[in-house]
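This report describes a single protein chain for a reader who is new to structural analysis. Its topics are salt bridges, pockets, aromatic contacts and backbone angles.

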Amino acid sequence: MIVRPMQSWFRMLFVWNGSVLQSIIPQLIVIGILSSLAVLTHGVVFGEKIPLSTVPFTLFGLTLAIFLVFRNNASYARFTEARLLWGNLLISSRTLMSQILCYQPESVDEVERTQVADTLIAFVYALKHQLRKTDATGDLVRLLGKQRTEELGCKHYKPVAILNDIRSCLAAPGGSAPESDMTRWMLDTQINELEKSVGGCERIASTPIPFAYSVLLHRTAYAYCMLLPFGLVDSIEIFTPLICVFISYTLIALEAIANEVAEPFGLAPNALALDAITRTIERSILELCGREIPEEIAPVRPYQFT
């Protein structure tokens, strides 16, 4: 995720970090070359003049813009829901840890409370790695120990298994079980909220935007950009490459942004900063327990958090 202060209107014209321009430069170069060829040949291809005018491009451009808006809205809705789910993870994790600290029997020792806190943090890291399809072994060994990590090695849904460990620990008679049924219900409600967030994240990760929409938008946008020079060359002549590259930048960049935002758990520059969010949850839980907290995640590149 790109996190940087708002720039002045002039500096925003030249922003590089956080812009998708760096990823679409090859496409713009191709459009620029094609536009230049259209100017040099006056719109003639293989000896035949391509009979295009600006009128069909105006009507077709309006339709394409509406479709791009739909695609971007669908992508941003996924991004927003994913951020809300991780916000709920933060809230529920804090609440559960606070309730455990305040409502557990006084007979529970510090070692057991530390174990519950580490297990809760391990759950968050396990979910992050599951969504990104990365190896969670390092974080789980640090928090749960080698033996428990090896036991989780055969699990396909490690976050759910770790949540089950927390629930089992809180329900174990003679262990850290709460004294009253009301307290038990209150703690279980927060675990249910964590499970709902896991299910919501899994739904987003396993249900992408229908592929047919992406293919149609991709083909339509590039066809429009490649035909545009032949529709403008007779009216604006030498300025055709400049105008075509600018219009192509708008359309192709919108598609690129939609593709990045549609996968909020990935490592693209505009995806969610799950590393930073998980570290924030860890710091919050450890601070509630009165333990030493790690440093905040630093950006991997200028203004970019992962």
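A salt bridge is a side-chain nitrogen of Lys or Arg within 4 Å of a carboxyl oxygen of Asp or Glu. The model examined here is predicted, and it holds 13 salt bridges.

**Salt bridges**

Three of these contacts are set out in the table.

| Salt bridge | N to O distance |
|---|---|
| E81 and R203 | 2.5 Å |
| R167 and D188 | 2.7 Å |
| R283 and E296 | 3.7 Å |

The side chains of E81 and R203 meet at 2.5 Å, N to O. This pair links distant parts of the chain, since E81 belongs to helix α3 (residues 54-103) and R203 to helix α8 (residues 181-206), 122 residues apart. E81 has a relative accessibility of 28% and therefore counts as partly exposed. R203, at 41% relative accessibility, also counts as partly exposed.

Helix α8 takes part in a further salt bridge, between R167 and D188. R167 lies in helix α7 (residues 158-171) and D188 in helix α8, so this contact ties together parts that are 21 residues apart in sequence. Are these two partners buried or exposed, or do they fall in between? The limits are under 20% relative accessible area for buried and over 50% for exposed, with partly exposed in between. R167 has a relative accessibility of 23% and so counts as partly exposed; D188, at 27%, counts as partly exposed as well.

In the salt bridge of R283 with E296, the closest N and O atoms are 3.7 Å apart. Because R283 is in helix α11 (residues 274-288) and E296 in the segment after α11, the pair ties together parts that are 13 residues apart in sequence. E296 counts as exposed, because its relative accessibility is 58%. Elsewhere, D139, R142, R279 and E282 are joined into one network by salt bridges that share partners.

**Pockets**

Rolling a probe the size of a water molecule over the atoms shows where empty space is left. The largest pocket has a volume of about 360 Å³. It is lined by 15 residues, and G18, S19, V20, I257 and N270 are the closest to its centre. Helices α3 and α10 (240-261) each supply at least two residues of this lining, and the largest share, four residues, comes from α10. What classes of residue make up the lining of the largest pocket? Twelve are nonpolar, three are polar and none is charged.

The second largest pocket has a volume of about 290 Å³. Its lining consists of 16 residues, and those nearest the centre are A276, I277, R279, T280 and E296. The elements that give two or more residues to this lining are α3 and α11. Helix α11 gives the most, with seven residues. By class, the lining of the second largest pocket contains eight nonpolar, two polar and six charged residues. Two residues of this pocket were met above: R279 belongs to the salt-bridge network, and E296 is the partner of R283.

**Aromatic contacts and a contact between distant residues**

A search of the whole structure finds six aromatic pairs. F57, F60 and Y224 form one aromatic cluster. A ring also takes part in a contact with a charged residue: R142 lies over the face of Y125, at 5.3 Å from the ring centre. R142 is, in addition, a member of the network with D139, R279 and E282.

Helix α3 also contains P56. P56 has a relative accessible area of 40% and is therefore partly exposed. In sequence, P56 and G231 are 175 residues apart, whereas in space their C-alpha atoms are 8.8 Å apart.

**Backbone angles in two loops**

Most residues other than glycine have a negative phi. Which value of phi does K133 have? The angle is positive, about 55 degrees, although K133 is not a glycine. K133 is placed in the loop between α4 (110-132) and α5 (137-144). With a relative accessible area of 73%, K133 is exposed.

E237 is likewise a residue other than glycine with a positive phi, near 50 degrees. E237 is found in the loop between α9 (211-236) and α10. Its relative accessible area is 52%, so E237 counts as exposed.

How values were computed. Residues numbered from 1 in each chain as written. Predicted model: local features only at pLDDT ≥ 70, side-chain atom pairs only at ≥ 80, totals over all residues. Heavy atoms only, no water. Buried < 20%, exposed > 50% of the residue type's maximum accessible area, 1.4 Å probe, protein only. 1 Å grid on protein atoms, 1.4 Å probe; cavity = no way out; pocket = protein on both sides within 12 Å on 5 of 7 lines; lining within 4 Å. Points joined across faces, edges and corners; volume = space filled by probe spheres on them. Nonpolar A, V, L, I, M, F, W, Y, C, P; charged D, E, K, R; others polar. Phe/Tyr/Trp six-rings, centres within 6.5 Å; stacked < 30°, edge-to-face > 60°. Lys NZ or Arg CZ within 6 Å of the ring centre and 35° of its normal.
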